[in-house]
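The exercises below can be worked through with the sequence and the coordinates side by side. Try each task before reading its solution.

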Amino acid sequence: QVQFVESGGGLVQPGGSLTLSCVGSGSIFDFVIEWYRQAPGKQREWVGQIQSDGGTTYTHTVEGRFTISRDNAKNTVYLQMNSLKPEDTAVYYCKAEALPSSWGQGTQVTVSS
C-alpha cells in the first residue's frame, strides 16, 4: 500500500507563504489525495483535496489562499499556502482518500511573529 511522507513545514510570519510536499512511496496516479491539519487541542480538519484529473476543492477557511497541485511523475502532491494566518498553525498531513491507513507523519507549520 502507498504511504506518504510530508515535508516543507516551518516557522513563518503572518502573511507569509510556505509550500508543503507529500511524496508517495508508489504511484499516486489514480488516487484522490487529501490534505488535513490538526491544531493543538483540536480535531483533525480536512483542508482540501485534488482529484486524479487535477480538480481541487478546499475548505472555506483556506479557499483563495491555499492551492493543491500534483506531479504524478514524481508521485508528489503540493500544498501552496499563501497569506498565512496564526490560525493556520497546525501539523499538516496528507493521505489517499481510498487508503485509510496511508497517513504520513505530518509536518509542523507555525505562523507567528
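A disulfide is counted here wherever two cysteine sulfur atoms lie within 2.5 Å. The model is predicted, so to speak with care: local features need pLDDT of at least 70, side-chain atom pairs count only at pLDDT 80 or more, and totals for chains, interfaces and linings use all residues. Residues are numbered from 1 along each chain as its sequence is written, and side-chain values use heavy atoms, with hydrogens and water left out.

**Exercise 1. The disulfide**

Find how many disulfides the rule gives, and state which cysteines are joined and where they lie.

Solution. Applying the rule gives a count of 1 disulfide. The partners are cysteine 22 and cysteine 94, with an S to S distance of 2.0 Å. This bond ties together distant parts of the chain, since cysteine 22 belongs to strand E3 and cysteine 94 to strand E9, 72 residues apart; helices (H or I, at least four residues) and strands (E, at least two) are DSSP runs, numbered from the N terminus. About the S-S bond the angle is 85 degrees, and the link is right-handed. Cysteine 22 and cysteine 94 are both buried, where buried means under 20% relative accessible area, exposed means over 50%, and partly exposed lies in between (1.4 Å probe, protein chains only).

**Exercise 2. The nonpolar core**

Identify the residues that touch the most other members of the largest nonpolar core, and the strand that supplies its largest share.

Solution. A nonpolar core is a set of buried Ala, Val, Leu, Ile, Met, Phe, Trp, Tyr and Cys residues joined through side-chain atoms within 4.5 Å. The largest one holds 28 residues, and Ile33, Trp35, Met81 and Tyr92 touch the most other members. At least two residues each come from strands E3 (18-24), E4 (33-38), E5 (45-50), E7 (66-71), E8 (76-81), E9 (90-96) and E10 (107-111). The largest share, 4 residues, is that of E9. For tyrosine 92, contact means heavy atoms within 4.5 Å, and once its neighbours within four places in sequence are set aside, its contacts include Leu20, Trp35, Val47, Phe66, Leu79, Met81 and Val109, and also Glu6 and Arg37.

**Exercise 3. An open sheet**

Work out the strand order of the open sheet of 4 strands, and say which strands lie at its edges.

Solution. Two strands pair if DSSP finds at least two bridges between them. On that basis the order is E1-E3-E8-E7, with antiparallel pairing. Strand E1 (4-7) and E7 are the edge strands, each pairing on one side only. From one strand to the next, the twist averages 15 degrees. Between E1 and E3 the antiparallel pairing runs over 4 bridges, and serine 7 has serine 21 of E3 as its bridge partner.

**Exercise 4. Loop residues**

Locate asparagine 75, serine 83 and serine 25 in their loops, and describe the backbone or the exposure of each.

Solution. Most residues other than glycine have a negative phi. Asparagine 75, in the loop between E7 and E8, instead has a positive phi near 55 degrees. Serine 83, in the loop between E8 and E9, also has a positive phi, near 50 degrees, and its relative accessible area of 40% makes it partly exposed. Serine 25 sits in the loop between E3 and E4 and is exposed, because its relative accessible area is 55%. Leaving out residues up to four places away in sequence, serine 25 touches Gln1, Val2 and Gln3.

**Exercise 5. Aromatic pairs**

Find the aromatic pairs, and classify each by the angle between its ring planes.

Solution. Rings of Phe, Tyr and Trp (its six-membered ring) pair if their centres lie within 6.5 Å; planes under 30 degrees apart count as stacked, over 60 as edge-to-face and the rest as tilted. The count is 2 aromatic pairs. Tyrosine 36 and tryptophan 103 have ring centres 4.9 Å apart and planes at 65 degrees, so this pair is edge-to-face. Tyrosine 36 lies in strand E4 and tryptophan 103 in the loop between E9 and E10, 67 residues apart. Tyrosine 36 is buried at a relative accessible area of 16%, whereas tryptophan 103, at 27%, is partly exposed. Tyrosine 93 and tryptophan 103 form an edge-to-face pair, 6.1 Å centre to centre with 90 degrees between the planes. Tyrosine 93 counts as buried, because its relative accessibility is 12%. Tyr36, Tyr93 and Trp103 together make one aromatic cluster.

Terms used: Axes fitted to C-alpha atoms, helices over the stretch in contact; angles between N-to-C directions.
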